Amino acid sequence: MAEIDLLASLPKTKRNIQKRSEGKSLEVVAEARKFGQMKPGMRVLDVGCGKGFLVKDLMLECPGLEAFGLDISLYALLHCEREVAGRLHLGSAEKLPFPDRAFDCVLSINTIHNLPRRKALEALREIQRLSGGCAYVQVDSYRTPEQKALFEDWVLTALYHDYPPGWIKLFGDAGYTGDYCWTIVE
Ligand SMILES: C[S@@+](CC[C@H](N)C(=O)[O-])C[C@H]1O[C@@H](n2cnc3c(N)ncnc32)[C@H](O)[C@@H]1O
């Protein structure tokens with residue numbers, strides 16, 4: 001056996017511990033400890049689910065949760081985790097094949113930037129339509145020209161990317177009211 005860091009090639013987030021420490025209060029800690037209130041029977045969709053690792057983890061974390069995924073890659077779905085077979089749908093984020101408010105929560109991690117801007121906008125509208133705003137989206141971004149240059153060296157698939165204000169403008173244009181975060185190469 002050997003010690004192998006399987007996540008070594010993934011981008012690392014540099015934590016601003018001082019900022020976190022300054023922002024901590026009893027209220028902030030109490031809010032954080034609610035852990036998002038996932039309950040059995042709630043319906044969650046992961047857009048860009050790949051092989052369904054997050055769908056599986058959510059079901060393990062909260063038994064009884066109705067978790068589903070959608071991905072554009074047939075290869076990913078054909079090689080999905082056994083436990084989620086039948087829960088993953090083939091489709092594209094900008095046209096989600098589900099009725100309005102079909103889910104209590106919609107997640108999409110590191111996927112929406114793979115669409116061109118117009119389709120990213122449609123995807124955000126779709127996520128809002130299905131979730132009513134109880135949603136979380138994480139996308140590629142950068143805060144400085146240096147981070148942008150690093151990102152451009154690293155990126156393979158993203159068709160739309162921007163500084164946070166550009167993304168926030170897109171969220172607003174789409175009427176997206178969920179939460180969001182950035183994946184930043186550092
Ligand atoms: C970087 S992977 C992220 C997978 C997973 N969400 C995660 O965080 O590990 C991006 C995923 O988005 C999927 N994807 C790319 N374009 C898509 C689209 N238009 N609609 C749905 N999924 C898409 C890819 O097939 C891939 O599984």
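**Notebook: ligand shell and nonpolar core**

I looked first at the ligand in this predicted model. Of the 13 residues around the ligand, I noted that Gly48, Gly50, Ser73, Ala93 and Ile109 come nearest. I then sorted the shell by residue type and recorded five nonpolar residues, seven polar and one charged. I also checked which domains contribute to this shell: domain 1 (40–91) and domain 2 (93–186) each provide at least three of its residues.

I turned next to the overall fold. I counted seven helices and six strands in the protein. Their order along the sequence reads α-α-β-α-β-α-β-β-α-β-α-α-β. Of the 186 residues, 27% are buried. Among contacts with a separation of 6 or more, I found that 67% join residues 24 or more positions apart.

I then examined the largest nonpolar core. It holds 33 residues, of which Leu45, Val106, Ile112 and Ile127 touch the most other members. Strand 1 (43–47), helix 3 (53–61), strand 2 (66–71), strand 4 (105–109), helix 5 (117–131) and strand 5 (135–141) each give this core at least two residues. Helix 5 supplies the largest share, six residues. Both domain 1 (40–91) and domain 2 (93–186) are represented in this core by at least three residues each. I noted for context that nonpolar side chains in soluble globular proteins tend to be buried together.

Finally, I asked which residues valine 106 is in contact with, leaving aside its neighbours within four places in sequence. I listed Leu45, Val47, Ile127, Leu130, Ser131 and Ala135.

Definitions and conventions. Residues numbered from 1 in each chain as written. Predicted model: local features only at pLDDT ≥ 70, side-chain atom pairs only at ≥ 80, totals over all residues. Near = placed C-beta within 6 Å. Nonpolar A, V, L, I, M, F, W, Y, C, P; charged D, E, K, R; others polar. Domains from an automatic or database assignment. Core = buried A, V, L, I, M, F, W, Y, C linked by C-beta atoms within 7 Å. Buried ≥ 20, exposed ≤ 12 C-beta atoms within 10 Å, placed from the backbone. Helix = DSSP H or I, 4+ residues; strand = E, 2+ residues; numbered from the N terminus. Contact = placed C-beta atoms within 7 Å.
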